[in-house]
Every structure is written in structure tokens, then in C-alpha cells.
Amino acid sequence: MTYADVPFFPLFYSVSSVECLGSTVDPSTFTGGYWVYVEGPDHLRSQPALGKWLIFRKRSELDKTWHMVRQCVTSGELGAVAAKSSTALDNPNAWSKDTGVICVYTTEDDVDLVGLKLVHMLKHDIRYKTDEATYSGMYANRGVQKTTCKTIYWNDGNPSFTKCRKA
């Protein structure tokens with residue numbers, strides 16, 4: 001299954017519409033859907049997506065981070081399948097109204113590489129969540145304590161990983 005096969009994907013704001021709006025889309029003020037998103041180059045999208053790196057930002061920092069991530073995903077620089085950003089529209093799955101999330105989708109083969117590139121670009125800790133966890137309803141706002149399986153800590157330029165734990 002690829003990320004495009006996910007049954008709820010059509011509920012998001014369409015890729016072609018976001019691309020038509022270009023760099024003027026600021027997720028923190030956009031209310032036309034729960035998400036804005038972009039795709040990586042075609043050759044990256046041919047592989048099945050495993051999950052996504054989660055980048056949590058205060059609403060005041062969301063737009064700047066999104067535009068940076070968006071550019072790196074669409075250019076292929078990150079090696080990511082796709083990315084999406086939460087918007088100003090209240091999402092029932094959000095755990096905080098003061099924080100937005102940017103999801104950067106990866107394949108099984110590029111999880112760590114994409115994560116390291118993101119951490120170096122953002123100089124910020126990030127967490128990885130599998131699509132399986134999402135499909136099974138594992139959301140923090142539903143009382144699930146551990147929704148992610150991996151974290152990369154920035155550590156002032158010396159990134160370190162936690163490992164995914166198998167149940």
C-alpha cells in the first residue's frame with residue numbers, strides 16, 4: 001500500500017490545489033481542510049510508505065517550518081515520499097490547539113536517512129509514527145501514552161536515536 005491508497009487521503013486538501021496556491025499557503029491561517037500536503041518526486045512515490053516523521057511546532061512557527069520542509073520534499077532533497085501540515089481548521093485528532101504538526105512520509109528503506117536530514121535541517125527533536133499505529137487509532141488525544149516508536153534527539157548537533165520497540 002502506498003500513502004495515496006490510504007482511504008482517508010481524499011478528505012485532505014488536494015495536492016493539485018495546494019500546488020496551484022504555491023508558496024502562498026500558510027497552514028496556520030488556512031481553513032479549507034485539515035491538511036495541506038505535497039508529494040515528493042515520482043520515483044520516491046513508487047515505494048510503499050511505512051510511516052511519518054512528526055514535527056511539532058507552535059502555531060507561530062508552523063508556516064516557516066512548513067515552507068522549508070515543503071521545498072525539500074518537492075525538490076527531492078529530503079528523499080521523502082510526501083509531507084503534510086496541519087492547518088488552522090480544528091482537527092478532532094489534534095492533541096493541542098496551540099501546536100501544529102508536519103508529517104514527513106518515508107518508506108521502510110529511508111526512515112533513518114530522512115529523519116537525520118530533518119533533524120539537521122530543523123535543529124529540533126522529531127518522532128516517528130508508523131502508519132499502522134495511525135490506522136489502529138493510536139492518538140495522544142485518545143489517551144494513548146505512546147503513539148510513536150522512534151525519536152531522534154538533536155543534542156546540539158550530535159543526533160541520537162531511540163529504537164522502535166516491537167510489542
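How many salt bridges does the structure hold? The structure holds 1 salt bridge. Please keep in mind throughout that this is a predicted model.

The partners in that salt bridge are Lys-97 and Asp-90, and their closest N and O atoms are 3.5 Å apart. Is Lys-97 buried or exposed? Its relative accessible area is 63%, and a residue counts as exposed over 50%, so Lys-97 is exposed.

Let us turn to the sheet. It is an open sheet formed by 7 strands, in the order 1-3-4-2-5-6-7, and the pairing is antiparallel. Strand 1, residues 35–39, and strand 7, residues 160–161, are the edge strands, since each of them pairs on one side only. In general, the strands of a sheet pair through backbone hydrogen bonds.

As one example of pairing, consider strand 3, which covers residues 82–86, and strand 4, which covers residues 99–107: they are joined in the antiparallel sense over 4 bridges. Within this pairing, Ser-85 has Ile-102 of strand 4 as its bridge partner.

Which helix packs on the sheet? Helix 4, made of residues 111–122, does so, and it touches strand 2, strand 4, strand 5, strand 6 and strand 7. The direction of helix 4 makes about 15° with that of strand 2.

I now come to the interior. In soluble globular proteins, nonpolar side chains tend to be buried together. Here the largest nonpolar core has 26 residues, and those touching the most other members are Trp-53, Ile-55, Val-69, Val-73, Val-104, Leu-118 and Ile-126. At least two residues of this core come from each of strand 1, strand 2, helix 3, strand 4, helix 4 and strand 5. Another core, of 7 residues, lies apart from it and includes Trp-35, Leu-54, Ala-82 and Val-101.

Ile-55 deserves a separate word. Leaving aside residues up to four places away in sequence, its contacts include Thr-65, Val-69, Gly-100, Leu-118 and Ile-126.

Finally, which residues form the 1 aromatic pair of this structure? They are Trp-53 and Tyr-128, in an edge-to-face arrangement, with 4.9 Å from centre to centre and 70° between the planes. Trp-53 belongs to strand 2 and Tyr-128 to strand 5, so the pair ties together parts that are 75 residues apart in sequence. Both partners are buried: the relative accessibility is 0% for Trp-53 and 1% for Tyr-128. The salt bridge presents a contrasting case, as its partner Lys-97 is exposed.

Key:
Residues are numbered from 1 along each chain as its sequence is written. This is a predicted model: local features need pLDDT of at least 70, side-chain atom pairs count only at pLDDT 80 or more; totals for chains, interfaces and linings use all residues. Side-chain values use heavy atoms; hydrogens and water are left out. A salt bridge is a side-chain nitrogen of Lys or Arg within 4 Å of a carboxyl oxygen of Asp or Glu. Buried means under 20% relative accessible area, exposed over 50%, partly exposed in between (1.4 Å probe, protein chains only). Two strands pair if DSSP finds at least two bridges between them. Contact means heavy atoms within 4.5 Å. Axes are lines fitted to C-alpha atoms, for helices over the stretch in contact, and angles run from 0 to 180 degrees between N-to-C directions. A nonpolar core is a set of buried Ala, Val, Leu, Ile, Met, Phe, Trp, Tyr and Cys residues joined through side-chain atoms within 4.5 Å. Rings of Phe, Tyr and Trp (its six-membered ring) pair if their centres lie within 6.5 Å; planes under 30 degrees apart count as stacked, over 60 as edge-to-face and the rest as tilted.
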